[in-house]
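Subject: Structure handover and findings

Hello,

Here is the structure I promised to pass on. Please open it alongside this message, as the notes below follow it element by element.

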Amino acid sequence: MEAPLYDFIILGASGFTGKYVVREALKFLNPSSSSSPLKSFALAGRNPTKLMETLKWAAHPNSPPSIPLLTADISDPQSIHRLCTQTKLILNCAGPFRRYGEPVVAACVETGCDYLDICGEPEFMEKMEANYHERAVDNGCLVISACGFDSVPAELGFIFNSKQWVGESAPNRVEAYLSLESKNKIVANFGTFESAVLGVANADRLVQLRRSRPRRPRPTIPGCPPPKGPTVEHNKETSLWAVRLPSADSTVVRRTLSSLAENPHGLPSVNERVEEIEQRTAFWSSMKPAHFSVKIGHKSLICILQMIAVGMIIGLLSRSSFGTWLLLTFPSIFSLGWFRKNGPSEDEVDSASFKMWFVGHGFSNNNGRENRELDMKIVTRVMGPESGYVATPIILLQCALIVLRKREILPKGGVLTPGIVFGPTDLQKRLEENGICFDVISKHAPLQKW
């Protein structure tokens, strides 16, 4: 078999997020250096002219390097199959994934080409797991969705918080509070809004999919399940008003915890050495599961009420095809200006950042007694640059470089979550080296009795 021509191919490179992924990839491209983490990559999409415009934009102010531009169309399975035979890895940035993602996953699984994407759509991810996991394992193909802001900060942030519970202490629940901050107005691209609207409009399909699948094992978590709590809360640790966020993060973390319930020491790789097995086993042995939820927060209660209003509008209008059409035709109006068809400006991207607090509640001594009070709290934080178009490309590229350079210590294949694959690797360290920070904010335990 001939060696693949490219380390990876960025599919959907001319899209709004795709062009930022290209810009990030160029930072690591050095074909002439033997130590370079990235020797070659190509861009793929329907329109070569737009791909060239993307490359010029991403390379500015330098002249664009000589990077192959490949024509591929999701509606033409043969063109996607050809892409997969030319590369080790596909980075899929072409959403909404419920519309355009499955042919790419199918081609990767068939050819054994590894696959990463930036999807934040639970139905797509769980459908791919149901339909392709076994074949992906058999063909040695890794299919890993949510390798962007959805949902790596949540996955690694949860794991980071969990590992602060040492000795006899154990968490019962970890609540994540996401704050998107900017000197200007927070604005996101239309594609994100479209994915959210279609997800709400097709929520019944996700329910049916989950009911049709065997129930996966659940981890053993000390204490009682957390109470539902108020719709809107003011959190003291973060000084934020917050409301529960129906994002992919919670479902992705739960899938990782289910994988751990099935494989307490993580997933073995094909060519692990003894020390790598010991490292993986030690990593997951210190992981303590907990109930997990995500809330979006803001210092202003008015802003939180506006978010609730937008959520109610989407929930109401997406019940009908006409309402969905209205939402997708006039996104700026129905989202109160938070989503625009032309996306955020460069200044809006550059001025934005995110902070994600993880507030863990648990027990200082997990001695097995029932009806205990939660007497310990650990607060950690993940923070970094703008979430959708700066942090997402950073995360995706670092995941890709790990797949390319450390493939032999990763699971053989399967449709898996970022946490179960990248948790034991140096992904957290790589993200910290690229501007995404992990911090312990506080630990509160009961006073010792003498």
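Where is the place of serine 269? It is in the loop between α10 and α11 (274–285). Please keep in mind throughout that this is a predicted model.

**Serine 269**

Is serine 269 buried or exposed? Its relative accessible area is 12%. The cut-off for buried is under 20%, so serine 269 is buried. Its side chain reaches the backbone oxygen of glutamate 408, at 3.0 Å. Glu408 is also among the residues that serine 269 touches. The others are Ile409, Leu410, Pro411 and Lys412, with residues up to four places away in sequence not counted.

**Helix α16**

Helix α16 covers residues 387–405, which makes 19 residues. From first C-alpha to last it reaches 26 Å, close to the 27 Å expected at 1.5 Å a residue. The helix is mostly covered, with 17 of its 19 residues buried. Look at its start as well. There, a side-chain oxygen of glutamate 386 comes to within 3.1 Å of the backbone nitrogen of glycine 388.

**Helix α12**

Helix α12 runs over residues 301–317 and has 17 residues. Its reach is 24 Å from first C-alpha to last, close to the 24 Å expected at 1.5 Å a residue. At its start, a side-chain oxygen of serine 300 reaches to within 3.2 Å of the backbone nitrogen of isoleucine 302.

Which residues of α12 are buried? They are Cys303, Ile304, Val310 and Ile314. Seen down the axis of α12, these buried residues fall within an arc of 115°, so they line one face of the helix. The general geometry is familiar: an α-helix has 3.6 residues a turn, so residues three or four places apart point the same way.

What do the buried residues of α12 pack against? Their partners are the helices α8 (190–201), α13 (321–329) and α14 (331–334), along with the strands β9 (232–235), β10 (240–244) and β11 (291–298). The face turned away from the buried side carries exposed residues: Ile302, Met312 and Leu316.

One residue of α14 is worth a look. Isoleucine 333 lies in that helix. At 58% relative accessibility, isoleucine 333 counts as exposed. Its C-alpha is 10.0 Å from that of valine 310, and the two residues are 23 apart in sequence. Valine 310 itself is one of the buried residues of α12.

**Tryptophan 165 and serine 442**

Tryptophan 165 has its place in the loop between α7 and β7 (170–182). With a relative accessible area of 1%, tryptophan 165 is buried. Leaving aside neighbours within four places in sequence, its contacts include Ala170, Pro171 and Lys288. Gly360, His361, Gly362 and Phe363 are also among them, as are Met376, Lys377 and Ile378. For a sense of span, take proline 31. Its C-alpha is 44 Å from that of tryptophan 165, and the two are 134 residues apart along the chain.

Serine 442 lies in strand β16 (residues 437–444). At 18% relative accessibility, serine 442 counts as buried. Not counting residues up to four places away in sequence, it touches Lys377, Ile378 and Val379. Lys377 and Ile378 are also in contact with tryptophan 165.

**Pocket and cavity**

The second largest pocket has a volume of about 410 Å³. It is lined by 20 residues, and the closest to its centre are His133, Glu134, Arg216, Glu262 and Leu416. Which elements each supply at least two residues of this lining? They are α6 (122–139), α10 (248–262) and β15 (414–416). The largest share, five residues, comes from α6.

How many cavities of 30 Å³ or more does a search of the whole structure find? It finds one. The largest cavity has a volume of about 40 Å³. It is lined by Ala154, Glu155, Phe158, Ile159, Val253, Thr256, Leu257 and Met287. Both α7 (152–162) and α10 supply at least two of the lining residues. α7 gives the most, with four residues.

Best wishes

Terms used: Residues are numbered from 1 along each chain as its sequence is written. This is a predicted model: local features need pLDDT of at least 70, side-chain atom pairs count only at pLDDT 80 or more; totals for chains, interfaces and linings use all residues. Side-chain values use heavy atoms; hydrogens and water are left out. The expected span of a helix is 1.5 Å times one less than its number of residues. Buried means under 20% relative accessible area, exposed over 50%, partly exposed in between (1.4 Å probe, protein chains only). The arc is that of the directions from the helix axis to the C-beta atoms. Contact means heavy atoms within 4.5 Å. A polar contact is a pair of N or O atoms within 3.5 Å; within protein, one must be able to donate a hydrogen and the other to accept it, and residues adjacent in sequence count only if both atoms are side-chain atoms. On a 1 Å grid over the protein atoms alone, a cavity is a set of points where a 1.4 Å probe fits but cannot get out, and a pocket is an open set with protein on both sides within 12 Å along at least five of seven lines; lining residues have an atom within 4 Å of a point. Grid points are joined across faces, edges and corners, and a volume is the space filled by probe spheres set on the points.
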